[in-house]
Amino acid sequence: MDASSSDTGDQIPARPVLEGPDIARMLTRIAHEIVERAKGAEDVVLLGIPTRGVFLARRLAAKLQEITGRTIPVGSLDITMYRDDLRLGPARTIGRTEIPADGIEGRLVLLVDDVLFSGRTIRAALDALGDIGRPRAVQLAVLVDRGHRELPIRADYVGKNLPTSLRETVKVQLTEEDGRDAVLLGVRPPRPGSSDGSAEAEQTTPAGER
């Protein structure tokens with residue numbers, strides 16, 4: 001994921017800005033947009049970026065099946081070894097890459113993630129995808145786009161554009177992992193002695209949020 005923080009020890013308690021019914025509606029809308037733009041989604045393969053992107057990809061696949069009546073291939077794409085911030089933090093656990101049996105060659109691959117922030121996670125995903133095969137095209141679906149891009153990357157399907165400051169944190173919670181569906185907005189407090197946390201927030205963004 002690009003921007004959901006798992007390090008909440010130093011954060012002001014977050015508040016929900018989206019709840020379960022909101023997330024369900026957004027996924028339904030995205031599924032209909034995929035069918036419309038992909039002309040029936042006949043060659044679509046969904047690949048979720050661990051962790052919550054995988055759950056979202058599975059939910060989207062289920063909704064696409066409801067709409068089209070066809071089983072939509074869905075898998076996961078681990079990007080751990082393709083990240084550009086590995087040296088900046090502790091060792092990371094390598095996740096699972098699971099590619100559907102028919103592969104991705106000549107298919108429309110739809111990457112799915114929970115939050116889009118700097119764009120670096122998606123860049124890593126594109127690198128990982130390139131080592132697996134050559135899809136016909138690659139598109140991106142995200143539940144939340146919080147802005148602050150550092151790379152020329154944009155999502156094709158967005159559940160919610162959520163303007164944020166760099167000091168704010170965005171965390172997606174999903175029932176499969178967290179026991180509830182919600183999007184939480186929090187604020188990372190400034191460091192002691194700092195009169196304005198906006199500039200330092202950009203310099204101290206946790207590696208997992210990039």
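**Exercise 1.** Among contacts in the protein between residues at least 6 apart in sequence, what percentage join residues at least 24 apart?

*Solution.* Begin with the material: this is a predicted model, in which local features need pLDDT of at least 70 and side-chain atom pairs count only at pLDDT 80 or more, while totals for chains, interfaces and linings use all residues. Residues are numbered from 1 along each chain as its sequence is written, and side-chain values use heavy atoms, with hydrogens and water left out. Next, the term: a contact means heavy atoms within 4.5 Å. The result is 72%.

**Exercise 2.** State the strand order of the open sheet and find the strands at its edges.

*Solution.* Step one: helices (H or I, at least four residues) and strands (E, at least two) are DSSP runs, numbered from the N terminus. Two strands pair if DSSP finds at least two bridges between them. Step two: the five strands are ordered β3-β2-β4-β5-β6, and their pairing is parallel. Step three: β3 (74-76) and β6 (157-161) each have a single partner strand, so they stand at the edges with one side lacking a neighbour in the sheet.

**Exercise 3.** Describe how β5 is joined to β6, and how helix α1 lies on the sheet.

*Solution.* Strand β5 (residues 137-145) runs parallel to β6, and four bridges join them. For Val 144, the bridge partner in β6 is Lys 160. Helix α1 (residues 20-37) packs on the sheet and touches β2 (44-48), β4 (108-116), β5 and β6. The direction of α1 makes about 150° with that of β6; axes here are lines fitted to C-alpha atoms, for helices over the stretch in contact, and angles run from 0 to 180 degrees between N-to-C directions.

**Exercise 4.** Which parts of the protein does the salt bridge between Glu 176 and Arg 59 tie together?

*Solution.* A salt bridge is a side-chain nitrogen of Lys or Arg within 4 Å of a carboxyl oxygen of Asp or Glu. In this pair the closest N and O atoms are 2.7 Å apart. Glu 176 belongs to helix α4 (residues 175-178) and Arg 59 to helix α2 (residues 52-68), so the bridge ties parts 117 residues apart in sequence. Arg 59 and Glu 176 are also linked with Asp 181 in a network of salt bridges.

**Exercise 5.** Is Arg 59 buried or exposed?

*Solution.* Buried means under 20% relative accessible area, exposed over 50%, and partly exposed in between (1.4 Å probe, protein chains only). Arg 59 has 18%, so Arg 59 is buried. Glu 176, at 40%, counts as partly exposed.
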